[in-house]
Amino acid sequence: MDLQALADLFATTYNADPNIQKAGELQIRKIGAQEGMLTALLQIIASDSVDLATHQACCVYLKNRVHTSYIIDNSRARPEQIPIAQSDREALKASILRLLASSPSRSITVQLGATLKDLISHDFPERWPTLLRDVEALLNSGDIREVGAGCVAALECVRAFRYRQNKDILPGIIEQLFPTLVTIATGMLNTPPSSAQEIPTMLHLILKTYKTSIIVNLSSHQQSADSLVPWGRLLFQVVNLALPNDAVPEDEEDRERSEWWKAKKWAYATLGRLFHRFGNPSQLPSPMQKEYGTFANHFVTAFAPEIFKVYLHQVELYISKQAWLSKKCQYQIFQFFTECIKPKSTWILLKPHVDSLVANFVFPHLSFNASNQQLWESDPVEYVRASVDEFENFSSPVSGATSFILSLASVRTKTAFLPILTFVNNVLRSNAAPPQKFGALNMTSILGNFIMRHPEVKGGMEQFMMQHVLPEFTASEPYMRAIACEVLGTMVKSHLEWTSAENLEKHSRAIAVALDDPELPVRVQAAMALTKMAVTYDSVREAVAPQVGKVIQDLLKLSDETDLDLLNNSMELMVERFQDELLPVATQLTARLCETYMRLAREGLALANETISDNIEVESLLSDGDDDKIYGAMGVAKTIGTIVSSIDTNQEVLTQVQEVVIPIIRFTLENKLLDLFDNMYDLVDSLTFKLSSISPNMWPVFEATYELFKSDAVDFLDEMLPSLDNFVSYGSEVFKARPDYRQKVLDIYQTSLTSPQLGDSDKINGCKLAESLLLNLAGHVDDHLQDIIKTAMDHIDAGNTYAFKLANLEVLINAVFYNSTAALHLMENYNTGASRLFFDRWFAAINVDEKLPRVHDKKLSILALCKLMEVDSSMVPANLQEGWPGIVAGALNIFKDLPQAVSRRKALEQTLVEGDDDEDDEDARYLNLEGGEDEDVWDDDSAYLEMLAKESARLRARSEQNGDGGEDDESVISEESDIEEELGFFSLLDAINPYTTFKHALTNFQTNNSALYQAATTILSVEQQTVLMEVMTMAEAQSSPQ
């Protein structure tokens, strides 16, 4: 292969002329699968005579080719994927480390590192046994570029297996490489910090490697003193390292991104991770006690106090302005302090410093500062986004400070909560500057949920609002007006009760004025607060009702300006609260929302298309901007769904709304905006179900759904199923007239059971669709009955869950209900004796308690057995004739448990209707007012982590057992109890009375097959005879005129 010609070809991929660029990419795709292509690329990358841009283009292509085609999963293979030739694989492994060592730029190192990770994950250790030896050679070489390459390679070795639960590979990598890494890092710290980047870059990579290695497990080597002591010493050295001004950039943003501060960030993060996951015995989940209990007890006594002392010292230096701390390091410190709150041993260390930390470390972050002011002025939308969700930037010191005081308030309520509120009140009562008053009110808003649950505090909040919040609605500083709105909204949401109607009115008037504030952040906070007030207080609702149309328009305008999902939530609440008032304008409101949705969807699509350019590199399918647009569109779609739910009693308006909504559904599906499919199918389901009909304009949605399922959205069957079921149920007349539509549904069913991409849950959905077809199209599925039965029989013993086994069995039971004689005949055609196999499986379910757990399961089997009673004896297959009399006993066995199943379902429905509005009992979830002040605390979060750890251990054990060929029969059997009533599932069987149907079938059985009837009733046990009498009595009562 001509290397110069190939290099020139890759140079065209960044040519300014898009036509040349496109032609080059097409040519690369054409020759890309040829053997030797990657070997030639490696030679180009190694060449010093090739310019940097061509280097980069070659490396990006190499990374993507290896990632997509080094190993190809046959179940997900695409036609254009061609496996990489073995000779190219060997060349890759032989060259990649050398190329890393000679990399001319960081961007190329990143691409080569990603390629290396894929090679390692697929080939190490079996097909690349020399890897660790080669990496060690680089680390020990003494050449700074080779040592740097060794650090990159060590990181990629760990990254390749970082999430692997099985401890078969990563511990060996750690034991072989980590002693060398810690020695190198420790030696580098002997050199005074300077502006040279080599040392901090390698230090950053080494610390990141260690942190990455402890995401899931801490190896036995890492738990040993031989590892823990040198690594611990290194981590403390990095945290304490004083960086001279000339070693880091002067600009703070550049300093944040500098290699020295990246190294410090990873040191802080690693110490925090060691304590949080492995070194905190009071919070260590029970499944981890055996492996880490000894380590945790040692770490919490020997290391945690030292970490606390070092971190506290760094904070003191920062507060006194003797040292600078990056934002991410501050966040890590907050995280560690937060972890220290629950364990007794660390809480005792933290407790004396809480007041000082709140006043001097937390409070400045929550006050209004120059950074906030700059953001407010330059990008008010981004300011709102950051202020309404303090966790938007989850690694910021603001989110860390917020988590810290929330944890103090909820975990150490008796010790810390009231002093925090005293601090807030002292600031507000003093002659503090507005930025500090903002901080105090911000803390009040953050703690609002706790304040309104504390028995000693909540009673004074009305006076607090009048004294400290109401005056700020007229403050000259706009940020004070915004925080006043936010505090009011928080307190209202937390059930603030007003003793004075006049006080409530003053606040509601202030909010109404704030809705027209010139500053956007104030208007947003006012809109959200007004929504909460209108939902909570009848007097505010009555005041808003006459002008609710304007309020909604204001919300829509704000939503269009900001694309904030929280405003969509406010609109949902307003639509629910003002259903009657909005009914006359529901169609116009929906049309306006659809316009917003289309704008967001189009912008999201445009951003996605920009990201997926025709360039070879496809880094990501979604950019951050795309995410914002998509999330905004999701919120708008939910609001439309709320409108649909609120007007379901008015079919005329609902029909108009449907016609307005259909275009956005079609646009979403046709443009394959997969992230919005869930919302769109919710709308299709809701509209078709509430109208109980399919409009002509809705049928293209069905056709698009089928095409999508067969192409890009095969794994969206769960989202599609309710809509598909409605199409069959409410469009049955169209299906009866359209054999192509019936074929499409059949194809979806068959694909769901045979596609290797789909699991048992999707197969269950396919079975439900087949059931819908058989129940709703009686007499019109004859041509497909054989295909349905064959598909179900092919899978009669397949599947990993009982839920699927039952769903598949019920497809065959539905076939019997659809046409008993034909179904039995087709089973025998499928395979002689197949009908007997089916009956064996069916009666095994009938005769064991809870094998037919739901009401629907029981009714379906009873009604199918009733159909069998009416089959002419001459049509019964020979291998079933002997057991045929048992069908009556089978039905009675089901009837025995039917009343309890019906009662359980009704109780479940009642629970759903009533809900659980009693939130007073949940105070204990927010405040810890019980127990000793300084004891270990085990709360809901701890219990949740315990549950996750137990579930993870259970799944891991089961996976290992299945991997060894063992089968956990007990766990499979126990799954019947996991099959719950589906309250949202409706079927034609719901309208059929099983008692009267059984009586009618038994009477016909006696008349038409007297000998079989005699045999069937003679074999009944005493209990079954009693059940028979009860069923006949019930049938008589239910068939008698009332």
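Trainee: How many disulfides does the structure hold?

Mentor: Zero. This is a predicted model, in which local features need pLDDT of at least 70, side-chain atom pairs count only at pLDDT 80 or more, and totals for chains, interfaces and linings use all residues. Residues are numbered from 1 along each chain as its sequence is written, and side-chain values use heavy atoms, with hydrogens and water left out.

Trainee: Why is Cys58 not counted as bonded to Cys59?

Mentor: A disulfide is a pair of cysteine sulfur atoms within 2.5 Å. The sulfur of Cys59 is the closest cysteine sulfur to that of Cys58, but it lies 6.9 Å away, so it is too far for a bond.

Trainee: What makes Cys58 buried or exposed?

Mentor: Buried means under 20% relative accessible area, exposed over 50%, and partly exposed in between (1.4 Å probe, protein chains only). Cys58 has 0%, so it is buried. Cys866 has 3% and therefore also counts as buried.

Trainee: Why is Arg905 called buried?

Mentor: Because its relative accessible area is 17%, and the cut-off is under 20%. Arg905 is found in helix α49 (residues 886-914); helices are DSSP runs of H or I with at least four residues, numbered from the N terminus.

Trainee: Which residues does Arg905 touch, leaving out those up to four places away in sequence?

Mentor: Val855, Glu981, Glu982, Leu983 and Phe985. Contact means heavy atoms within 4.5 Å.

Trainee: Where is confidence lowest in the protein chain?

Mentor: In helix α52 (residues 969-973), at a mean pLDDT of 41; pLDDT is the predictor's confidence in each residue, from 0 to 100.

Technical notes: Helix = DSSP H or I, 4+ residues; strand = E, 2+ residues; numbered from the N terminus.
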